[in-house]
Number of protein chains: 2
Amino acid sequence: MARHAGVSPSTVSYVLSGKRSISEATTRRVRESIDALGYQPHAGARSLASRRSNVIALVIPLREDVHVPVAMRFAVSVVTAARAFDHDVLLLTQGEGPDGLRRVAGSAMVDGVIVMDVEADDARVPVLRSLDLPSVLIGVPEDTEGLTCVDLDFAAAGAACVHHLADLGHTEVAFVGQPPSVYERRTGFAERTVAGFEEAAAERGVVATSHPCSPDTVREVVGTLVGEHPGVTGLIVHNEPSVGPLLEAFAEHGRTVPGLSVVAIGPVPPGVPPLTSVDLPAEEVGARAVGLLMDKIEGPAHPGVTLQVPRLTTRQSTAPRP
Amino acid sequence: MARHAGVSPSTVSYVLSGKRSISEATTRRVRESIDALGYQPHAGARSLASRRSNVIALVIPLREDVHVPVAMRFAVSVVTAARAFDHDVLLLTQGEGPDGLRRVAGSAMVDGVIVMDVEADDARVPVLRSLDLPSVLIGVPEDTEGLTCVDLDFAAAGAACVHHLADLGHTEVAFVGQPPSVYERRTGFAERTVAGFEEAAAERGVVATSHPCSPDTVREVVGTLVGEHPGVTGLIVHNEPSVGPLLEAFAEHGRTVPGLSVVAIGPVPPGVPPLTSVDLPAEEVGARAVGLLMDKIEGPAHPGVTLQVPRLTTRQSTAPRP
DNA sequence: ACATCTCTTCGAACCGGTTCGACGATGGAC
DNA sequence: GTCCATCGTCGAACCGGTTCGAAGAGATGT
């Protein structure tokens, strides 16, 4: 490559990195050779010499109670954002657990890591603290000391739904949440949503109950709501895959939208009529996580928790209290 | 590292790779130092010297009509299988198109690539042919000359469903397929399933119709079936996300399972009663793809198409014709 | 006792970049 | 016309492994 352009290897490097000024004529000559040869610098050599691999790791959850399409949206947005910073993404699954992190960090395969689906008390957090590998968490653990975290402000999302329904005059609302297992392992986002919901309900003087729900228990939950809480006129659903079955089950009891006002938290699946919802901005959160990680890779860390402000979009599924 | 163990760097390398015999005493000493120091070889240096990165690329589709959970199952199984061969997985999205392949190949970032969701006439195929980068396709393009492909035998899957229903005495069956866009871009698996279905139906003398279907057109499709094909008693559904809504829509017309016998192709989503189905063995296909890729990386290529034989599992959704 | 062979280990070259110090050329100030 | 700063480029060291040839130590055969 350098020979083809008639310059030294270092000159080629400087042309590519721009770290020293190179005359316009030489730059042109080098670029022409690059095009002519289809030259691509050897990634291994580059990472060896520069101590930068230009790769970040993405740890993706595998749990069955994680909603896969949402996880995928995060993953895709992370890859896209990383490419914009000239980085690639190495995919790690939960399979190896914390050891996977140690491995990629120890062998200098990656410059940083993004960890998805962080729990309140996550085994990976102490490992990250010990590794001095730049990292960003998507999700918020209990102790955020020294960590960089990004997430949707789920408490605000839960609250926004309550305020929307209260503004419409509803006085008794129910929250249908994630499967019980999600709460049992203390996943931050689920807890915080419920907390935001309950707090806002108390503040507005709204009667509120909350109900975990998995695909198999939809009918049971609806039975409870119809039987024991007949006064409920507003429903907040934080459980994307169950929205459809839930609405059908309610319809069987004669409760249809928007007589029953429904707000969804998260993307609404196709095949369901458009619902008033707080969207989950996976793309923004993913891109933000990558941006923060790049900052950390470049310079000193600025730890902190970034919460994306939720936006409620009004659609046809909510109406004033009948 | 070498100093800590009191040996030369080359000795350490031979202990790790096992490419030359090293005395037991020395091996033990080196391993002790490795443990004591938590030593991990530098991935970049290794790839530079050995011309192997121990990383494979996985090109994952982004299209909205691809069923995301299935894609994810493939991805996870590929990562797991790759780890068993001491390889990591670099995630490429469709975003960069063929250029992404050129980039990772040219910079020697990866030893091979697995391409998912291959279309009949796929733009990436000629690129792969030109790259001399070991590759395995998940999916089967039109011209497989020189390629290594893995897939479920979808034609056999479609046929198996027909045979199952015909064995139960059904004489008029319908096939509910993927969204129209999937057929329009000539995705192999969808076409082959329909072909297998039609061929087997002709062979068994069964009256057969097939109907593309997207989440938005479920009711429409059901309307057509109930109205124009009232004699249909067997249904084959090759469209996972629509199974639930489809059955509900039929129920509204008084057609319930198993009076209407239903066979699904692909995993059945939770929240739907267990269906007789041909499962989509994503885990096996992913693992097989990785295995074939490793063979190609190690030795000479053995191109060819590997089709995984489908297995039909009988559950409560199919019964003899009433 | 000497030539040979095997087993284990080392040294040196090499993989392909990056980075720093230095050197020659050029230009401006005095 | 000399002195010094600036600009553009080069050479060499280095990043941390892998690989091959060869050397040294014992074992074996004669």
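## A salt bridge between chains

Let's start with a charged pair: Glu96(B) and Arg83(A) form a salt bridge, with their closest N and O atoms 3.2 Å apart. (A salt bridge here is a side-chain nitrogen of Lys or Arg within 4 Å of a carboxyl oxygen of Asp or Glu.) This pair crosses between chains: Glu96(B) sits in the loop between strand 2 (88–93) and helix 6 (98–106) of chain B, and Arg83(A) sits in helix 5 of chain A. Helices (H or I, at least four residues) and strands (E, at least two) are DSSP runs, numbered from the N terminus. Side chains of opposite charge can pair when their charged atoms come close.

Asp88(A) and Arg103(B) make a salt bridge too, with the closest N and O atoms 2.5 Å apart. Between chain A and chain B the count is four salt bridges, and over all chains it comes to 30.

## What you're looking at

This is a predicted model, in which local features need pLDDT of at least 70 and side-chain atom pairs count only at pLDDT 80 or more, while totals for chains, interfaces and linings use all residues. Residues are numbered from 1 along each chain as its sequence is written, chains are lettered from A and ligands numbered from 1 in the order in which they are written, and side-chain values use heavy atoms, with hydrogens and water left out.

Chain A splits into domain 1 (2–41), domain 2 (50–152 + 281–308) and domain 3 (154–280), with bounds from an automatic or database domain assignment. Taken over C-alpha atoms, the centres of domain 1 and domain 3 of chain A are 60 Å apart.

## Where chain A meets chain B

Contact (heavy atoms within 4.5 Å) involves 36 residues of chain A and 36 residues of chain B. The two chains bury about 3,200 Å² between them, with carbon and sulfur atoms giving 67% of that area. Gln40(A), Met72(A) and Leu91(A) supply 18% of what chain A buries against chain B, more than any other three residues. Buried area means the accessible area (1.4 Å probe) that two parts lose on being put together, summed over both.

On the side of chain A that touches chain B, helix 5 of chain A gives the largest share, seven residues.

## DNA strand D

Around DNA strand D there are 28 residues, and the closest are Thr11(A), Thr26(A), Ser13(B), Tyr14(B) and Arg20(B). A residue is near a strand if one of its heavy atoms lies within 4 Å of it. Sugar and phosphate make up 57% of the strand D atoms that come within 4 Å of the protein.

Some polar atoms pair up here. A polar side-chain atom of Tyr14(B) is 2.5 Å from a base nitrogen of DNA strand D, and one of Ser10(A) is 3.1 Å from a base oxygen of that strand. Helix 4 of chain B brings the largest share of the surface near DNA strand D, five residues.

## DNA strand C

DNA strand C also has 28 residues around it, with Ser13(A), Tyr14(A), Arg20(A), Thr11(B) and Thr26(B) coming nearest. Which phosphate oxygen partners turn up? They include a polar side-chain atom of Thr11(B), 2.5 Å from a phosphate oxygen of DNA strand C, and one of Lys19(A), 3.0 Å from a phosphate oxygen of that strand. For this strand, helix 4 of chain A gives the largest share of the nearby surface, five residues.

Technical notes. A polar contact is a pair of N or O atoms within 3.5 Å; within protein, one must be able to donate a hydrogen and the other to accept it, and residues adjacent in sequence count only if both atoms are side-chain atoms.
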